[in-house]
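Subject: Structure handover

Hello,

Here is the structure for your files. My notes on it come after it.

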Amino acid sequence: MKLVNIALVLLVLIAPPLNAQPDLSYYLPEGVAYNPNVPTPKSIIGHEVGEWHITHDRLVNYMYAVANASDRISIQETGRTYETRPLLLLTITSPKNHQRLEEIRQQHVALTDPLKSGNLDIKNMPNVVYMGFSIHGNEASGSNAALAVAYHLAAAQGVAMDKLLDEVVILFDPSFNPDGLQRFSSWVNSRKSKQISTDPNDTEHNEAWPGGRFNHYWFDMNRDWLVAQLPESQARIKQFHLWKPNMLTDHHEMGTNATFFFQPGVPSRNHPLTPERNLTLTRKIGEYHAKALDKIGSLYYTQEGFDDFYYGKGSTFPDVQGAIGILFEQASSRGHAQESINGVLTFPFTIRNQFVTALSTLEAAQSMREELLAYQRDFFKNNLSEAAKDPVKAYVFGSNLDKYRSYHLAEIIARHDIEVYQLATNQTINGKRYDSDGNYIVPLNQKQYRLIKSMFEKRTSFQDSLFYDISSWTLPLAFALDYDEIKTSPTSLLGERFNQAKKPNGKIIGGSSDYAYVFESYGYYAPRALYRLLSKGIRVKVANGEFNHSNGKKFSAGSILIPLGIQEKPVELIEYLIKEITTEDGVDVYAFTTGLDYKGLSLGSNNFATLREPKIAMLVGDGVSPLDAGEIWHLLDTRFHIPVSLVPVDVFNRINYDKYNTLILSTGSYSGLSDAAKERLRTWVQNGGVIIGLKTALTWLNASGLGKFDMKKDDKKDEPAKPKPYADIAFSAGAEALSGAIFEIQADLSHPLFYGYTHSRLPVFKSGALFMERSKNAFGNPGVFTANPLLSGYITKGSLDKLKNASFTGSSSIGQGRVIGFTENLAFRAFWFGSNKMLMNAIFYGHTINPGAGRDR
């Protein structure tokens, strides 16, 4: 106890006085001379490091300035964010290494090729370290520390620095999340007082919704490394695979009352595909961090709280690719200083911890250089050995009717230096037909064997019951695609290698028509095609039953009809849009010359419902999950090109709703909606409006009388609990949580919410503890979880029992309008392509749902 108290006193003594801004020397190691020709951060950005939160534009200015002044640094722009801010990568190494940088890169990448690595001499090969900062924009000490780290590496003189830069190539990303960093810095800087407020209640420490953590579309980018759906991630992943680093560091922040964390995380929560040797090396690297933090008197911990299970996080992503990922978590001052249980936590103090662990990373990389290079070489050799022993030799996946969904999964896989091929010939596997066009095969005998396994495996047993993030991400299930294992040599099945530039194309079948055009709704971009037409004033109908083309082709419910005789727009516009639909959306369009059909619906039947252009509002702001709302915004805006008004809850309380016909309520409490707003909303629905509620929004809708979405109650909560050890109290709640897993629903494909699906059993992603009661109406349960719903991931027995046969979706009728509810997120992290169509169906077809199918019946 005395030692702890002494450490706390040291923390207070070492931290600078509250209103005394330390200069650059506060961060830099003692006894090092610096090149005066290299500009200090202050000389470029106009203030000391930590005096103000660095804005992204000033960060960029400094990085270019230091690169221009030093022959140790080259700089490149690897991409742009959604807000068009540059994504920078500095390559920092000795001048002599720069002279042969491409040769070094090629030799290093060859170390990951088992066919070449045995001939490489690692004794004189540099190590490669990828250093990244502040992927969460409001965890700003990382990017602010990047200023001092870049200066030190550019300007520090002496034999030790020269040797370090000879032996290490540093890939240096000063801001993983420029848009979030800019948003957060603007907030805290504009609210900073001369007399710095340490009060946690101060506005400086309480940023407005959605906060700076996220990127432009409010994504948590530290969950996007594997699936790489965002431009920031795609640029970063490209550089990762271009170099294949030995280590990757990821500098974060956590709660103000914490100290400092470095990996390893909890050993029992490592993913089983990560070799044990990875943990051993991570521990050894941790000793360098401990030494550095001990030297400046900073408190820290390790092997607690965090894990290395989900490969979509920055510190875990390298672990399945022969590298060591390191997470740093620094207690956050949020603003410039804040009270904590450890005393006042100043912003410069947080920056200093990030700085010293950046340097300790490089010390470890240099000292363990040959060990890390050997580990990387052995990792990929072992991958091929494991692949040879695996009874599974390849995975095949795809869809015969939705080539774009197949394409996008192949795109994700191929982005990670994995060979993906089209099927050479049509195949029937386990009773499923895989055509050569629209289906792909991934051989396992590749150097990325473990990464491929992590993408395709289904896992339901685990060493630990706590997860920092999701417990499953089986990608073909996320895309709702057929997939199968191939247990014989796949060589004869390999067709043309996947080419990202070769996107699926549709075609017009039957030539031009004077009567009608029809397209099916199976294609992923069919909703985009539909909106193209509706937004241009084209009259469009959806089939609520089957009908036939004169060539014998059968069209299912959900097919889209464009009758030409009732249009007011010129036929030339329609033909132009039809061509766009085939070329841009990859959808086949069929020309009809007659509406007569004796085997199904004739085209003039009342079973074709007229569709309306969606005018969408989505509520945002306090009480709404930025993540869930952002995922829907991103889906509508970037993929389907459908405008959506993002209306703050407090604004919604005082506006007229008549300009909208669709309202989306993503996960949230909606406690800020007034009683008057609820009444106006009820009237709006009665007049034909459609509400689409997701996850916890259903609880609010149910309580407000705007839908019947009753949740199952915990029948055992009043029973006496079995005794548990006090020592387990911190883990008990976490073990009960459903962090995210994959489950199966039974869907009614004749229901408008499931138009465009071909299988009645569908995989969905579920997290949280909502379990909806089934409707007593025989038509009121279009989607229910099956009796054995778990496909992959972790769930407790109690939660699984409640999930069995629970309702997944349904609707209620109020007057002419509908209220549609889904218990789950249909656009999870932008990679859950398989359920996107359910949301789009609710948007386009929700108003057509027969009121007799309501849950309130």
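The notes below cover one residue, a helix pair and the nonpolar cores.

This is a predicted model, in which local features need pLDDT of at least 70 and side-chain atom pairs count only at pLDDT 80 or more, while totals for chains, interfaces and linings use all residues. Residues are numbered from 1 along each chain as its sequence is written, and side-chain values use heavy atoms, with hydrogens and water left out.

Ser 298 lies in the loop between helix H10 (276-296) and strand E9 (324-331); helices (H or I, at least four residues) and strands (E, at least two) are DSSP runs, numbered from the N terminus. Ser 298 is buried, at 4% relative accessible area (buried is under 20%, with a 1.4 Å probe and protein chains only). Beyond four places in sequence, Ser 298 is in contact with Leu 293, Phe 349 and Asn 353 (heavy atoms within 4.5 Å).

The axes of H6 (residues 141-155) and H11 (residues 347-367) come within 8 Å and cross at roughly 50°; axes are lines fitted to C-alpha atoms over the stretch in contact, with angles from 0 to 180 degrees between N-to-C directions. That makes H6 oblique to H11 (oblique is what remains after under 35 degrees, over 145 and 65 to 115). Residues making the contact include Ala 148 of H6 and Phe 355 of H11.

The largest nonpolar core (buried Ala, Val, Leu, Ile, Met, Phe, Trp, Tyr and Cys residues joined through side-chain atoms within 4.5 Å) has 167 residues. Helix H24 (residues 836-845) gives the most to this core, seven residues. A second, separate core has 73 residues, among them Val 66 and Phe 260.

Regards

Definitions and conventions. Buried means under 20% relative accessible area, exposed over 50%, partly exposed in between (1.4 Å probe, protein chains only).
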